[in-house]
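Me: I'd like to go through this one and check what each label rests on. Can you take my questions one at a time?

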Amino acid sequence: MPLVDLVMPKMGESIMEATILKWHKQPGDTVKQDETLLEIATDKVDSEVPSVTAGVVEELLFQVNDVVPIGSVIARIRTSSTAHAEGASLAPSGASAPVQNNQPPTGNHPTPTESTYNTTTTYNAAAQTAPAVHNGTAHRFYSPLVLNIAASEGVPLSELESIGGTGNEGRVTKKDILRYVADRKPGGYPAAGAPIGAPVGTPVRPNIPATPSASPVAAYSGNVEIIEMDRMRKLIADHMVRSKHTSPHVTSFSEADVTHLVQWREKVKKEFDKRENTKLTFTPLFIEAIVRCIKKYPLINSSLDGDKIIIKKDIHIGMATALPTGNLIVPVIRHADQLNITGLARQVNTLADNARHGRLKPEDTQGGTFTMTNVGTFGSLMGTPIINQPQVAILAVGAIKKRPVVMETPEGDAIVIRHMMYLSLSYDHRIVDGSLGATFLTAVTRELENFSVDREF
């Protein structure tokens, strides 16, 4: 009976490894073709991996919580089919829909450019485990997450290679790089625990007391409930802290009279739904205004790589979306500047629906260049959003409320009832000065206020 190797599928261009969350089958269990065999997690989404063939699970080569390089053989299935030769390696054409999403509203650091970090990888699918990926002068493997953290913290490759790793075969893990950054001295060189010149591949023993002792159990007074943070919440917390640590945040505020926009949407939404078979929410209207202003002020659509400002010519708008669990994820509308209002509405509704039902693909959360979050969805008037790294700005829109305001008329000032909304823009003060931040925010406000009620769709 031939054996078929199941390999870790590729989940996205920048994703080079995945963590095994759960095995649905154990050795000796029967599995059908396309039946879910295991669940995996990347730094983007969680996904189910189906079996490529029917048969009996012969062997599981990795355990739960193991981090596995893409292309590694993770399981072997014995099948009665004669269509496969002994030991043939088959990779699934693609994992099924994610079962849980884990990209926080601040996003992830993108894989650095190949000129800075070479992440080209070659795997031997027939091997039980993939060989280490060699990059850099010291021929070491660096996961995309480690490279992302290094790039965002200004750790050059030459310095990265001096860090002793505690991972498999001396690889630098997330904990290693975060500890290194935390202990890093102002001169840019490591403190104890990551010595320069340490032999590559030699694990560094953490600094621990000579006599280990159990961590004291925290005592909580009063009537309390203790909830362990889930994996997604831990990732969100990590991204929030890292964003604040990376970018000096400044937030500017503006108030927009969106009466015309509200009136137009109310007038056309039923016909729009009937004709386009999709709902017209406020989100695509906000995104349209943002895109127009990004074209006027392209520095808002950029990122920082060391002392280089990378201005993005493509406009990919991330929209923070609430999940049923209460967590947030940021799917991305790619090339938003090339879509009309109907195209934007379709993209917004499709991505939001996929996010809420666990159907996002890893690429759906990658590559954002600017993010918008609608805090008004939950009734907030305004917010101070945290930048979605490595972007340099994020816009929050608040709830639309009817309020009495003073308007100038030919007959003089008058108090009228208008639909008003607050906007807030948080931006990275390393790149975006207050003048640019305020000017961009004012431009978005004007776009929304000057919305034509006679517009066709």
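Me: How much area does the protein chain expose, and what share do carbon and sulfur atoms supply?
Reply: About 22,500 Å², with carbon and sulfur atoms supplying 52% of it; accessible areas come from the Shrake-Rupley method with a 1.4 Å probe, and for residues only the protein chains shown count as cover. Bear in mind that this is a predicted model, where local features need pLDDT of at least 70, side-chain atom pairs count only at pLDDT 80 or more, and totals for chains, interfaces and linings use all residues. Residues are numbered from 1 along each chain as its sequence is written, and side-chain values use heavy atoms, leaving out hydrogens and water.

Me: What makes Phe282 and Phe286 a stacked aromatic pair?
Reply: Rings of Phe, Tyr and Trp (its six-membered ring) pair if their centres lie within 6.5 Å, and planes under 30 degrees apart count as stacked, over 60 as edge-to-face and the rest as tilted. Phe282 and Phe286 come in at 6.1 Å centre to centre with 15° between the planes, so they're stacked. Both Phe282 and Phe286 are buried (under 20% relative accessible area; exposed is over 50%, partly exposed in between, with a 1.4 Å probe and protein chains only).

Me: Why is Arg265 said to lie over the face of Phe282?
Reply: The rule wants NZ of Lys or CZ of Arg within 6 Å of the ring centre and within 35 degrees of the ring normal. Arg265 is 4.5 Å from the ring centre of Phe282 and is listed as lying over its face. The charged end of Arg455 likewise sits over the ring of Trp264, at 5.7 Å from its centre.
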